[in-house]
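User: Please walk me through some of the labels used for this structure. I want to know what stands behind each one.

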Amino acid sequence: NVTGQINVNGSPLSAAPEITATASGAIAAHKPVIVKSDGKITEVAQVSAATGSVTQFDANQQQFPKLAYDTTNNKVLCVYERVNGGGNGNPYAVAGVVSSGSVTWGTAVVLSTSFNVGQVRSIGVEFDASVGQFIAYAHNEGNTGQFYRISISGTNTVNSTAYNFSDASMRTNGHTHMCLEGNGNGTYFFIDEGDGNKLKGVHISYTSSSLTQGSKNQISNTNFASHIAAHGHFAYIPDQDKYIMAMRRDSSYDKYFHLISRSSSTYSIIASTLFSNTNGENVQEGSLIGRGSEFLLVWKGWDNKLYANGGKVNGSSIVWASGTGLQVSSGTYSGSTVIKYYSAAGKYYVNFINSQTIYRALITFSNPGVDAPVLSSSEVSISANVGHGTGLTYDPDSAKIIHAYSDISGGGTMKSVMRTEESTNITSE
């Protein structure tokens, strides 16, 4: 027991101490609360799983949507190819604000007029909170392409600046990937068809007002046969400041993981491991995500089902989880795998398409590099009549996943739908 007066900062402590704080949302009387990372308090709440209503945000024919979320200003950005309606196959962008379980989208703007229908071979976008910018790209089926530095002003107005690829000979089969490091730096990976299908990387650096590119740098002198190298997967491992790559290497169907370091604009493979798994050896399609020191790979097996396994990066080593991998889908997988970490539930959210329907599955990975991932929730259908590709991002403020897709029943119109998973807001901060 404590007896006598207690002083805090020279003042006596009240018998009934009080604090003054700003509420985030309504708080009922006598309910427990938590303090969020922004200093506001909110009522402890249990959230039930639910899929929201569908919102159409572009009535023209679209394809290949990609999403990213501005965690600073709580805005979402979608980039995609507009096929008709004056789009002529050019890349477009549209911004939205999340409210009441749906997204209020603004007006789409064209990012470039230098493409034609069918020429956008690869497109993507990520957000870097350190500079408050979205960085996007679109790669032509030939040698050309552009990076875009994008910000959102007002409620949902898109402001973009285009930067042509500084190297005019970046010819690729169209399957490329961009990873941002979160500190104003990133890498654009591609297979250079103009140089024996070798793996190349281009370092990009950017601020809130500029973007610069390094020269394309050869990472591997291996000839990646184009039809196999088309489906390589890349991720940044932030706690180790390294990139990891999964790729089918050649016609013998060898599956390799490479650990890649970057020094300025120069890249080096510092570790390689053969990926072997009895549950389907085909790493041709799938997705790879990095978080902390861990990584999770989801891939298509020879039986056309999805499987998952992963591990962690420890210095210059790739450490795989034990076991033979986890079966993710029960039906036949047909494409568009995207993974996001759902922090409110502490789980990985896996998006995929089966027979023109979006499904999701949830995976927990409690001890990467030791224990295998676990399927915590089997597949649930999200939306039907899905066309070419889907976009996926996570809004940590509302603890909701946002899907974007082209609706083939409506002629390829672009739509979005939100998904909430069962969780408590105690784990979201």
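Analyst: Below, labels are set against their cut-offs. This is a predicted model, where local features need pLDDT of at least 70, side-chain atom pairs count only at pLDDT 80 or more, and totals for chains, interfaces and linings use all residues. Residues are numbered from 1 along each chain as its sequence is written, and side-chain values use heavy atoms, with hydrogens and water left out.

User: Why is Val338 called buried?

Analyst: Its relative accessible area is 18%. Buried means under 20%, exposed over 50%, and partly exposed in between (1.4 Å probe, protein chains only). Val338 is under the cut-off, so it counts as buried. Val338 sits in strand β31, residues 335–342. Strands are DSSP runs of E with at least two residues, and helices are runs of H or I with at least four, numbered from the N terminus.

User: Which residues does Val338 touch?

Analyst: Leaving out residues up to four places away in sequence, Val338 touches Ser287, Tyr349, Val350, Asn351, Thr390 and Leu392. Contact means heavy atoms within 4.5 Å. The C-alpha atoms of Val338 and Arg360 are 9.6 Å apart, with their positions 22 residues apart along the chain.

User: What makes Glu421 and Arg360 a salt bridge?

Analyst: Their closest N and O atoms are 2.6 Å apart. The definition asks for a side-chain nitrogen of Lys or Arg within 4 Å of a carboxyl oxygen of Asp or Glu. The pair meets that limit, so it is a salt bridge. Glu421 is in the loop between β37 (413–420) and β38 (423–424), Arg360 is in strand β33 (residues 357–364), and the two are 61 residues apart. Side chains of opposite charge can pair when their charged atoms come close.

User: Why do Glu421 and Arg360 count as buried?

Analyst: Glu421 has a relative accessible area of 2%. Arg360 also has 2%. Both values fall under the buried limit, so both residues get the label. Glu421 also meets Arg419 in a salt bridge, at 2.8 Å from N to O. Arg419 is buried too.

User: How many salt bridges does the structure hold?

Analyst: Nine. One of them joins Arg82 to Asp58, with closest N and O atoms 2.6 Å apart. Arg82 is in strand β9 (residues 75–82) and Asp58 in strand β7 (residues 55–58), 24 residues apart. Both are buried. Elsewhere, Asp192, Asp195, Lys200 and Lys216 form a network of salt bridges.

User: What makes Gln133 and Arg149 a polar contact?

Analyst: Their side chains are joined at 3.3 Å. A polar contact is a pair of N or O atoms within 3.5 Å; within protein, one must be able to donate a hydrogen and the other to accept it, and residues adjacent in sequence count only if both atoms are side-chain atoms. The distance is within the limit, so the label fits. Gln133 lies in strand β14, residues 133–140.

User: Is Gln133 buried or exposed?

Analyst: Buried: its relative accessibility is 5%, so it falls under the cut-off.

User: How do you know that β8 and β9 pair?

Analyst: Seven bridges join them, and they run antiparallel. Two strands pair if DSSP finds at least two bridges between them, so β8 and β9 qualify. Lys66 has Val79 in β9 as its bridge partner. The two strands form a hairpin with four residues between them.

User: Why is Asp241 called partly exposed?

Analyst: Its relative accessible area is 44%, between the buried and exposed limits, so partly exposed is the label. Asp241 has a positive phi of about 50° although it is not a glycine.
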